[in-house]
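Subject: Structure handover

Hello,

Here is the structure for you to load. My notes follow below it.

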Amino acid sequence: MFGRWLAIIIIAVLVSAAGSAGYAVACSCAQTQTVEAAKQAHDAIFKGVVEKIKKPGFTSMVSSGDYTTTTFKVHEVWKGKVTSEITVYSALSTESCGFEFREGESYIVYAQQTDKGLVVTLCSRTALSSQASEDMAYLESGAVPNDKADIVQDEHSDSFPGYLLTGIIVMTIIMAALIARLYMKSRQRMQ
């Protein structure tokens, strides 16, 4: 009898885990914006060198949509309240429209302000500085970064990790099965 309950619990856990995975959609950018349109559409535009990249910690529920945090040493600012050192967020992979930065490289960054902080996507005009001559010509010379910027940035990667939710669901199912088993045993004893 216990073996049957254990099999049911394992099947229920596997089905609930598979059902919570959702579906994946690859990134698709409609078309590249002009520099002028991108300047209007983004909250911050700056040139900087990547100092540090922090990827989400390893868990059983890592998603390509999880955010990496990239810290820049900023040299020039064209738009937004940007300090000399700033962190931006981007999805972990290009499949989720994330921009994959490389440490030590210089970029022209187009970012949008969200509740998470400044977010960069693959669909923005963000590019290596060496490949952004059109942008540099249009933007001309920028300003020096303002170290008194007041853009709020969230230093925490995820608000509620998926693996924790899965663990709670699994524990709830196990507890419910154990309670049901105890209840069934107590009813058998009463008869």
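How many bridges join strand 2 to strand 3, and in which sense do the two strands run? Seven bridges join them, and the strands run antiparallel. Strands and helices here are DSSP runs, numbered from the N terminus (helices: H or I, at least four residues; strands: E, at least two). Two strands pair if DSSP finds at least two bridges between them.

Some ground rules. This is a predicted model, with residues numbered from 1 along each chain as its sequence is written. Local features need pLDDT of at least 70, side-chain atom pairs count only at pLDDT 80 or more, totals for chains, interfaces and linings use all residues, and side-chain values use heavy atoms, with hydrogens and water left out.

Confidence
The protein averages a pLDDT of 78 (the predictor's confidence in each residue, from 0 to 100). At least 70 is reached by 71% of the residues. Among the elements, strand 4 (residues 106-113) has the highest mean, 95. Helix 1 (residues 2-19) has the lowest, 57. Two stretches need care. Residues 18-23 stay under 50 and have zero contacts beyond four places in sequence (contact: heavy atoms within 4.5 Å). Residues 149-160 are also below 50, but this stretch has 23 contacts beyond near neighbours in sequence. Where pLDDT is low, the predicted coordinates should not be read in detail.

Strands 2, 3 and 5
Back to the opening pair. Threonine 71 has threonine 87 in strand 3 as its bridge partner. Strands 2 and 3 form a hairpin with five residues between them. In its turn, glycine 80 has a positive phi of about 95°. Strand 3 also runs parallel to strand 5 (residues 118-119), joined by two bridges. There, valine 88 stands opposite leucine 118.

Strand 3 is mostly covered, with six of its seven residues buried (under 20% relative accessible area; exposed is over 50%, partly exposed in between; 1.4 Å probe, protein chains only). Threonine 70 lies in strand 2. Is threonine 70 buried or exposed? Threonine 70 is buried, because its relative accessible area is 1%. Not counting residues up to four places away in sequence, threonine 70 touches Val50, Lys52, Ile53, Ile86, Thr87, Val88 and Phe101.

Strand 4 and its partners
Strand 4 pairs with strand 1 in the antiparallel sense over six bridges. Isoleucine 45 has tyrosine 110 of strand 4 as its bridge partner. Strand 4 also runs antiparallel to strand 6 (residues 127-128), with two bridges. Here tyrosine 107 stands opposite leucine 128. Strand 4 and strand 5 pair in the antiparallel sense over two bridges. Glutamine 113 is matched with leucine 118 in strand 5. Four residues separate the strands of that hairpin, where glycine 117 takes a positive phi near 140°.

Cores
The largest nonpolar core has 17 residues (buried Ala, Val, Leu, Ile, Met, Phe, Trp, Tyr and Cys, joined through side-chain atoms within 4.5 Å). Phe46, Phe72, Phe101, Tyr107 and Val109 touch the most other members. Strand 1 (44-54), strand 2 (67-79), strand 3 (85-91) and strand 4 each supply at least two residues of this core. A second, separate core of nine residues includes Ile45, Ile108, Ala127 and Ala132. Beyond four places in sequence, the contacts of tyrosine 107 include Phe46, Val50, Phe72, Phe99, Phe101, Ala127 and Leu128.

Best wishes
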